[in-house]
Amino acid sequence: MSKKIAILPGDGIGPEIMAQAVRVLDALGEAFEMERAEVGGAGFAAHGHPLPESTLKLARQADAVLFGAVGDYQYDTLERALRPEQAILGLRKELGLFANLRPAILYPELAGASTLKPEVVSGLDILIIRELTGDIYFGKPRGVRECPDGPFRGQREGFDTMRYAEGEIRRIAHVAFQAAARRDKRVTSVDKANVLETFQFWRDIVTDVHREYPDIALEHMYVDNAAMQLVRAPKKFDVIVTGNMFGDILSDAAAMLTGSIGMLPSASLDASNKGLYEPSHGSAPDIAGKGIANPLATILSAAMMLRYSLDKAEQADRIEAAVKRVLQQGLRTPDIHEDGTQRVSTEQMGDAVVRALA
Ligand code: IPM
Ligand code: MN
């Protein structure tokens with residue numbers, strides 16, 4: 001039976017970059033069944049909810065989900081439950097996508113695009129593994145209430161709950177050690193054990209899981225230090241594993257080391273390697289419709305999807321090689337353009353990847 005891919009373009013530049021990824025998938029000559037659905041602001045506009053029931057149903061049925069990006073100015077004033085971001089949070093939670101893999105790789109052709117000195121970032125190849133369905137993102141209770149104590153007693157206060165269950169920490173630690181086994185065999189677990197109970201517990205559990213992986217080196221690092229090391233000497237890292245909130249912040253920093261967040265794919269996996277694949281960047285509504293968005297992060301996300309969820313590693317390799325080739329040819333969307341390279345549109349970049357596949 002042919003594999004089914006749910007195509008969720010979303011908002012802003014989402015539809016433009018997704019169109020190019022779909023062309024690349026079509027060009028592989030595989031008989032994938034691709035079905036589209038609205039999500040984010042587009043979901044709200046069409047069905048009154050950022051994650052419509054029909055979209056969630058499709059995502060559940062599919063073997064994998066390819067996701068563009070969500071969010072646009074006109075939805076910023078909606079109540080929280082209806083905002084576009086709820087679509088991606090809902091999909092992660094409903095599909096149990098607890099393991100978020102965010103590689104940060106510097107392509108040699110793009111070394112000049114980084115804001116850091118070339119010697120600091122050349123050859124960079126790190127993998128951030130972010131826990132994606134727990135932590136303060138989903139912890140309850142949360143809300144606004146009357147402050148019960150202290151000098152501000154009686155005023156309103158906002159509050160959230162940071163929490164991690166043992167099993168949640170164990171399963172993401174296993175993902176990290178197993179990923180490191182296929183790389184340079186080093187894991188840095190990032191926490192705030194000096195201040196937070198949740199993350200002292202995290203450190204204890206990760207240390208315990210590590211006993212099953214004697215070949216992997218484990219180091220613990222506080223998140224503030226990790227942020228500093230990421231910009232000071234990023235190549236010292238191999239695999240970084242951390243919680244939902246710290247991972248959100250550190251992965252944006254790591255992405256920017258490579259010069260363009262427009263290049264970086266990501267995978268969000270459940271326990272059976274079913275997954276959602278999306279570019280690491282957002283919906284960039286300011287440049288939507290102009291034909292200047294970089295489709296490569298979405299095209300590379302499709303490659304990750306082939307490798308992790310669809311059992312087509314060879315086709316994934318073909319796409320990644322094609323992307324390398326177009327970079328070598330000097331083709332650049334404006335976000336990665338430098339003197340001496342050729343500026344191309346979103347669609348021309350898609351054309352070039354399709355041609356390089358042949
Ligand atoms: C990300 C995004 C999301 C997050 C938002 C859009 C909810 O920033 O995927 O990193 O915070 O996880
Ligand atoms: Mn983020």
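**A chat about strand E10 and its surroundings**

Student: What covers the two faces of strand E10, residues 239–242?

Tutor: Val239 and Val241 on one side of E10 and Ile240 and Thr242 on the other are all buried, so that both faces are covered; buried means that 20 or more other C-beta atoms, placed from the backbone, lie within 10 Å of the residue's own. Strands here are DSSP runs of E with at least two residues, helices are runs of H or I with at least four, and both are numbered from the N terminus. This is a predicted model, in which local features need pLDDT of at least 70 and side-chain atom pairs count only at pLDDT 80 or more, while totals for chains, interfaces and linings use all residues. Residues are numbered from 1 along each chain as its sequence is written, and chains are lettered from A and ligands numbered from 1 in the order in which they are written.

Student: Which residue of E10 is the bridge partner of leucine 127?

Tutor: Leucine 127 has valine 239 as its bridge partner, and valine 187 also stands opposite valine 239. Strand E5 (residues 125–131) runs parallel to E10 and is joined to it by 4 bridges, and E8 is likewise parallel to E10, with 4 bridges; two strands pair if DSSP finds at least two bridges between them.

Student: And what is the strand order in the whole sheet?

Tutor: The sheet is open, has 10 strands with mixed pairing, and follows the order E2-E1-E3-E12-E11-E4-E5-E10-E8-E9. Strand E2 (33–36) and strand E9 (217–222) stand at the edges, and because each has a single partner strand, one side of each is left without a neighbour in the sheet.

Student: How many bridges link E8 and E9?

Tutor: Strand E8 (residues 186–191) pairs with E9 in the parallel sense over 6 bridges, and serine 189 stands opposite histidine 220 in E9.

Student: Switching topic, how is the chain split into domains?

Tutor: Domain 1 covers 1–101 + 261–358 and domain 2 covers 125–257, with bounds that come from an automatic or database domain assignment. Between the two, 13 residues of domain 1 are in contact with 14 residues of domain 2, contact meaning that the C-beta atoms, placed from the backbone, lie within 7 Å.

Student: Last one: which residues are around ligand 1?

Tutor: They are Glu85, Ile88, Leu89 and Asp248, where a residue counts as near a molecule if its C-beta atom, placed from the backbone, lies within 6 Å of it. Helix H4 gives the most to this shell, with 3 residues.

Definitions and conventions
A residue is buried if 20 or more other C-beta atoms lie within 10 Å of its own, exposed if 12 or fewer, and partly exposed in between; C-beta atoms are placed from the backbone.
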